[in-house]
Amino acid sequence: MKATQLYAPTLRESPAEAELISHKLMYRAGLIRKTAGGLYSYLPLGWRTIKKIMQIIREEMDTKGGQEIMMPIVQPAELWQESGRWAVYGDEMMRLKDRHGREFALGPTHEEMITSLVRDEVKSYKQLPLMLYQMQNKYRDEIRPRFGLMRSREFIMKDLYSFDRDVDGMNISYEKMYDAYSRIFTRCGLKFRAVEADNGAIGGGHSHEFTVLAPSGESSIAYCESCDYAASDEKAELKVIHAEREELRPIEKVSTPDCHTIDAVKNFLNVPIEKTIKAVAFMDDDERLIVAFVRGDHEVNEIKVMNAVDGANHLYMADEKLIAAANSCAGFMSPIGLNDKAIVVVDQTVMEMYNAVAGANEVDAHFINVTPRRDFNAEKITVADIRMIQVGDPCPHCGKPLSMTRGIEVGQVFTLGKKYSEALHATFLDEDGKEKTFEMGCYGIGVGRTMAAAIEQRNDKDGIIWTRAIAPFEVVVVPVNAKDANQLAYAEKIYEELKAAGVDVLLDDRKERAGVKFKDCDLIGYPLRVTISPKTLESGSVEIKIRHNGEMLNFDRSECVSKVIDLLKTL
Ligand code: ATP
Ligand code: MG
């Protein structure tokens, strides 16, 4: 391809709304253009990268036995009513009516549609396992579309669905996809972790999020440098921290005037914060009072609290009246003396404390020398892991201290079990002649988000730094002065040779100043630049610039093609 025929409008400025570097650079390098909030066009360079990412995904899906199909984007409401998700999906779903008033949605995901396709077609265990996938636009009317392709309203997703005879089969499919995802993101040159994830609204069994490590990411993850453990901060399992054993002292009520916060109490009583017990009071949709207790220096993890209490789906700050009805008062709550109106959830680490400070359920009073095992009513409390992870907490797999980082979720794998196959009555005849329900899994990758994450991870002040695998072009050949016919002809010759050798190469034959062309090369981020200058014509020496480290190498003209090919292998 020649730059004079390429539509690649580069810009000096990025749009004011662009906060993330990937968004700014995609815009400036002429990869994308915005149509409206969360709706983008991909220009030729952007689309070339998208196609390369899709090709990597396709190869890895096919290797694992996936078969590519294409389903309609427009989905009838009836399918979603069958699964019950028409009512619960909410405003994120883009809905429309046809001329007869029938209701449809633009697919945000395709579990219902694939399940209905398979239930009508696949009747025998002999047709299983089955893995079908597609790559197409998905639609989600995000509350805050932002960060360019990272969170848009129309985006390209690869979604694969697996159908198996039994749970073992489903787990094998899951492992295959897990492996394929690891290969895909490695091939794309990304630093990522497979993070144990919460299954969220999609339901089913286990799940991992493939998260690209980047400070700008929206997810917060805990990970271990010593082993491959990683989990979202909401999900990270924590071990009990055992306090050093002490001689037990008798519990005693003391006056703590105006000490409503842990800080105030610890200062007033002059005790370390690790010796205090903190209360956080919530209520749920049924106005039940739920009081969570953690060590003073720990934070409550609401998701874990919800998981510990049957039927709690949302938590809100508790009402003062509810707290009073449970025989307590805000700022001085304690498990000792709360009545049956409160559901008490205590963090496992609190149960290992000795001679601690806790509220006394009355204004301006605390208990000292509280030893939970002795002083809490074991029958009335739930003990669970309910705190947020903190830097330095031990890894649940190997015990080494965990680190925290931020990341971008580029893909997610789920086992769904029978959630959709049961709701949509999707069954097959098994070998024993019995009718059984499919065990399913679903596996998504955001293609545009993967491109954005790659830029987020690899860029510098001059622009994007692509890895070879997903660069719009692998190499750019630049004659510094394309107005010089000899130079242009020389460059064209090298360009033709590289093309013939199978290199994905661009010839920058624009009659622009060299400085302008070099700036564009760096901004767009081609992994290698081959420069043809008057010196090349004189001495036969060709300059090659490696984008990611800025290194300039000089080779003899005769070696140019083989050197480019060798260098590309390392990029
Ligand atoms: P998020 O939590 O970021 O909203 P999600 O968990 O709802 O994403 P999935 O349903 O797991 O997303 O979709 C599979 C993949 O599709 C995600 O891992 C992500 O890469 C991509 N994706 C989801 N929503 C968007 C969006 N609004 N814009 C771009 N890509 C998206
Ligand atoms: Mg997800």
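This is a short walk through a few spots in the structure above, starting with one strand and ending with some backbone oddities.

Okay, one thing before I start: what we're looking at is a predicted model. So everything I say is about that model.

Let's begin with strand β17, residues 342-347. Is it enclosed or not? Five of its six residues are buried, so β17 is largely enclosed by the rest of the structure. Who are its partners? One is strand β15, residues 289-295, which runs parallel to β17 and is joined to it by five bridges. If you want a pair to click on there, take F293, which stands opposite V346 of β17. Another partner is strand β20, residues 381-384. Here we have four bridges, and again the two strands run parallel. The pair to look for in this case is V344 of β17 with I381 of β20. While you have the strands up, a general reminder: in a regular strand the side chains alternate between the two faces of the sheet.

Now let's step off the strand. T349 is in the loop between β17 and β18, the latter being residues 356-359. Buried or exposed, this T349? Its relative accessible area is 2%, under the 20% cut-off, so T349 counts as buried. What does T349 touch? Leaving out neighbours within four places in sequence, T349 contacts K239, V240, I241, R295, H298 and R387. I241 deserves a second look, since its backbone nitrogen is 3.0 Å from a polar atom of the T349 side chain.

Next up, a helix pair. Helix α1, residues 21-28, packs against helix α12, residues 447-457. Their axes are 8 Å apart, and the angle is about 105°. That makes α1 roughly perpendicular to α12. Which residues do the touching? From α1 we have I21, S22, L25 and M26, and from α12 we have M451, A452, I455 and E456. Sort the residues of that contact by type and you get six nonpolar, one polar and one charged.

Let me jump to S255, which is in strand β13, residues 252-255. Not counting residues up to four places away in sequence, S255 touches F268 and D364. And how far is S255 from Y40? Those two are 215 residues apart along the chain, and their C-alpha atoms are separated by 63 Å.

Last part: backbone geometry. There's a cis peptide bond from L128 to P129, with omega near -5°. P129 itself is in the loop between α5, residues 111-121, and β7, residues 130-139.

Then there are two positive phi values in residues other than glycine. N361 has phi near 60°, and H425 has phi near 50°. Where do they sit? N361 is in the loop between β18 and β19, with β19 covering residues 365-370. H425 is in the loop between α11, residues 419-423, and β22, residues 427-429. As for burial, N361 is buried, with a relative accessible area of 10%, whereas H425 is exposed, at 62%.

To recap, if you open up just two places afterwards, I'd go for β17, with parallel β15 on the list of partners, and for T349, buried in the loop between β17 and β18. That's it from me.

Methods:
Residues numbered from 1 in each chain as written. Chains lettered and ligands numbered in written order. Predicted model: local features only at pLDDT ≥ 70, side-chain atom pairs only at ≥ 80, totals over all residues. Heavy atoms only, no water. Buried < 20%, exposed > 50% of the residue type's maximum accessible area, 1.4 Å probe, protein only. Pairing = 2+ DSSP bridges. Contact = heavy atoms within 4.5 Å. Axes fitted to C-alpha atoms, helices over the stretch in contact; angles between N-to-C directions. Parallel < 35°, antiparallel > 145°, perpendicular 65-115°, else oblique. Nonpolar A, V, L, I, M, F, W, Y, C, P; charged D, E, K, R; others polar. Polar contact = N/O pair within 3.5 Å; in protein donor to acceptor, adjacent residues only side chain to side chain.
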